[in-house]
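Q: Hi! I'm new to this one and would like to talk through its charged side chains. Could you show me the structure?

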Amino acid sequence: MTQSLELPVQEFCLDWTLTGDEGGRVGITLSGQVSLLDNNRFYKIDGVVYVTEGDADIRAVGNPRISVRRNGVEKSGRQWGWEMCSARKSLGALNTMEGYFVRTGYWAPADRAIQLSLCAEQGWSRRKSYSPHVTVRMVD
């Protein structure tokens, strides 16, 4: 795969608020860009996850482990299926530093868009909750 940056490049941003049982709230932001490489044969997601508000309330929401997941959408509307594309980081760690991630993959001729969302895993049971997704349209 070549490393030359080619068009199109699309930016994305997703804000999500986690709420706890005692009313604690923590805001998380996922932002970055998606680009197509090597004559649209590969995609590359450069992103970052960080806490935007509520640093004192992290324990009140259970200090979940946060990760990013992605899905693709083809021309026919068929989807690839959700897959994790970043490491899991505790909310406490994200409060003190940002969570950068890079994901690359094959981009088929039928592919049109990538969907991204956040996942929060809590407790021993690893109960998961998901943010709404953001769709990054790459090809018309």
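A: Here is a chat about salt bridges and one acidic residue in this predicted model.

Q: Great. How many salt bridges turn up in the whole structure?
A: A search finds 7 of them.

Q: Which residue pairs with Glu 121 in a salt bridge?
A: That's Arg 88, with the closest N and O atoms 2.8 Å apart. Glu 121 lies in strand β8 and Arg 88 in the loop between β5 and β6, so the pair ties together parts 33 residues apart in sequence.

Q: Is Glu 121 buried or exposed?
A: Glu 121 is buried, with a relative accessible area of 6%, while Arg 88 is partly exposed at 39%.

Q: And what does Glu 83 pair with?
A: Glu 83 meets Arg 70 in a salt bridge (3.3 Å, N to O). Here Glu 83 sits in strand β5 and Arg 70 in strand β4, 13 residues apart. Salt bridges that share partners also join Arg 70, Glu 83 and Arg 103 into one network.

Q: Changing topic: where is Asp 111?
A: You'll find Asp 111 in strand β8, which covers residues 111-122.

Q: How far away is the nearest side chain of opposite charge?
A: That side chain belongs to Arg 78, 6.6 Å away; Asp 111 is buried yet has no salt bridge.

Q: So what does the side chain of Asp 111 make a polar contact with?
A: One partner is the side chain of Trp 80, at 3.1 Å. The Asp 111 side chain also reaches the backbone nitrogen of Ala 108 at 2.7 Å.

Definitions and conventions
Residues are numbered from 1 along each chain as its sequence is written. This is a predicted model: local features need pLDDT of at least 70, side-chain atom pairs count only at pLDDT 80 or more; totals for chains, interfaces and linings use all residues. Side-chain values use heavy atoms; hydrogens and water are left out. Helices (H or I, at least four residues) and strands (E, at least two) are DSSP runs, numbered from the N terminus. Buried means under 20% relative accessible area, exposed over 50%, partly exposed in between (1.4 Å probe, protein chains only). Lys and Arg count as positive and Asp and Glu as negative; His and the chain ends are not counted. A salt bridge is a side-chain nitrogen of Lys or Arg within 4 Å of a carboxyl oxygen of Asp or Glu. A polar contact is a pair of N or O atoms within 3.5 Å; within protein, one must be able to donate a hydrogen and the other to accept it, and residues adjacent in sequence count only if both atoms are side-chain atoms.
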